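Subject: Structure for you to look at

Hello,

Here is the structure I promised to pass on. Please open it next to this email and follow along.

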Amino acid sequence: MADTTAHDGTDAPEHGIRTDFKGRMSYGDYLGLDRLLAAQHPLSDAHDEMLFIIIHQAKELWMKLMIHEIRAAIAAVQSGDLGPAFKGLARVSRVQEQMIKAWDVLSTMTPADYLSFRPSLGESSGFQSFQYRMIEFLLGAKDRRMMGPHRHRAAVFADLQATLEAPSLYDESIRLLARRGFDLPAEVIERDWREPHRPHPAVKAAWRAVYADPQRHWDLYELAEKLVDVEDWFQQWRFRHMKTVERIIGRRRGTGGSSGVGYLQKALDRTFFPELWALRTEM
Ligand code: HEM
């Protein structure tokens, strides 16, 4: 008979696998899986509602990680320690890639599948994703009108408000340019952070100087390219969202009250780092 007792005395029937977790931290405990896996509550009998719920929850989890990383990147840029910011932003871009791939899973749902449970959604809509709005604000796309759908949740509203009022990743990057000696006026580096960043010729001139001599400004150059990566992936996410929505609901209005695909198409015009895109035309 095989010896089933591991060297440390625990019961290990095969391959040294532990089987007694009384009083010990286990996989499910550590990950809070009981709560996580009990959080899917389809409201209809439609088979595809489970897919719809899980895809949204998975994206919200990834967004939680993005927020964690972008906040750390903001702090790193603030302190001028760019190495950790690069690492964090590279991770954000890999997460974005996963989120874009996830549209392929949702695209297996046909218009009829979606319509079979659409009434269950009521007026719930991505407009009420506070994490999505938080990411937009953290990157620099401030728009206080988008706070409205979160007014009914005091804690979330306060968190968003604090993010709206603080300098974004782009604001901090521009302030870093100023600390590195680029000539940037007060209206750019000490502005009302609640307002969206408006393209400014001095900011474009500073980034252009960085791109004109990468050897001299290598870390700023790398920061700029990391920002462009994040925006590039963000736009690809928006585009795949828009096309997936068109594929599933055509030109119907959204559950959040917008025109639907028309609104999502316009959202593609919103840019986070306008000068970094504009300078490319002039190089
Ligand atoms: C069948 C699938 C989906 C449909 C039909 C759909 C439809 C829409 C529509 C029509 C809008 C515009 C606002 C409105 O009127 O509701 C919207 C916004 C939004 N959706 Fe979706 N969506 C789907 C899946 C997803 C998924 C999986 C996510 C992932 C989190 C998501 C996140 C968002 C966000 C964040 C917005 C706000 C975008 C902005 O304001 O720029 N949607 N969606």
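**A salt bridge within one helix**

D104 and K101 sit three residues apart in helix α4, which is about one turn of the helix. Their side chains meet in a salt bridge, with 3.0 Å from N to O. A search of the whole structure finds 21 salt bridges. Please bear in mind that this is a predicted model.

**The chain overall**

Which kinds of element make up the chain, helices or strands? There are 14 helices and zero strands. Read from the N terminus, the elements run α-α-α-α-α-α-α-α-α-α-α-α-α-α. The C-alpha trace spans about 80 × 55 × 35 Å along its principal axes.

**The ligand and its iron**

Now go to the ligand. Which protein residue gives a donor to its iron atom? H241 does, through NE2, at 2.3 Å. This is the single donor from the protein. Look for H241 in helix α12, which covers residues 218-249.

Next, look at the residues around the ligand. There are 30 of them. The closest are S125, R133, H241, S258 and Y263. By type, the shell divides into 17 nonpolar, ten polar and three charged residues.

Three contacts to oxygen atoms of the ligand are worth finding on screen:

- S258: an N or O atom in its side chain is 2.7 Å from an oxygen atom of the ligand.
- G256: a backbone N or O atom lies 2.8 Å from an oxygen atom of the ligand.
- R270: an N or O atom in its side chain is 2.9 Å from an oxygen atom of the ligand.

Which elements give two or more residues to the shell around the ligand? They are α3, α4, α7, α12 and α13, the last of these being residues 261-267.

**The cavity**

How many cavities of 30 Å³ or more does a search of the whole structure find? It finds one. The largest cavity holds about 80 Å³ of space.

Its lining is made of M63, M66, Q96, M99, Y132, I135, W233, F234 and W237. Eight of the lining residues are nonpolar, one is polar and none is charged. Helices α3 (49-79), α4 (82-106), α7 (130-139) and α12 each supply at least two residues to this lining. Helix α12 gives the most, with three residues. Helix α12 also holds H241, the residue that reaches the iron atom.

**A pocket to finish**

Last, turn to the second largest pocket. About 250 Å³ of space lies in it. How many residues line the second largest pocket? There are 15, and A141, K142, P196, H197 and T271 lie nearest its centre. This lining divides into six nonpolar, three polar and six charged residues. Set that beside the lining of the largest cavity, which has no charged residues.

**Where to start**

Begin with H241 and the iron atom. Then go through the contacts of S258, G256 and R270. After that, follow helix α12 to the lining of the largest cavity. Leave the second largest pocket, with its 15 lining residues, until the end.

Best wishes

Terms used
Residues are numbered from 1 along each chain as its sequence is written. This is a predicted model: local features need pLDDT of at least 70, side-chain atom pairs count only at pLDDT 80 or more; totals for chains, interfaces and linings use all residues. Side-chain values use heavy atoms; hydrogens and water are left out. Donors are N, O and S atoms within 2.8 Å of the metal (3.2 Å for Na, K and Ca); water is not among the atoms, so sites may look incomplete. Helices (H or I, at least four residues) and strands (E, at least two) are DSSP runs, numbered from the N terminus. On a 1 Å grid over the protein atoms alone, a cavity is a set of points where a 1.4 Å probe fits but cannot get out, and a pocket is an open set with protein on both sides within 12 Å along at least five of seven lines; lining residues have an atom within 4 Å of a point. Grid points are joined across faces, edges and corners, and a volume is the space filled by probe spheres set on the points. Ala, Val, Leu, Ile, Met, Phe, Trp, Tyr, Cys and Pro count as nonpolar, Asp, Glu, Lys and Arg as charged, and the others, Gly among them, as polar. A residue is near a molecule or strand if one of its heavy atoms lies within 4 Å of it. A polar contact is a pair of N or O atoms within 3.5 Å; within protein, one must be able to donate a hydrogen and the other to accept it, and residues adjacent in sequence count only if both atoms are side-chain atoms. A salt bridge is a side-chain nitrogen of Lys or Arg within 4 Å of a carboxyl oxygen of Asp or Glu.
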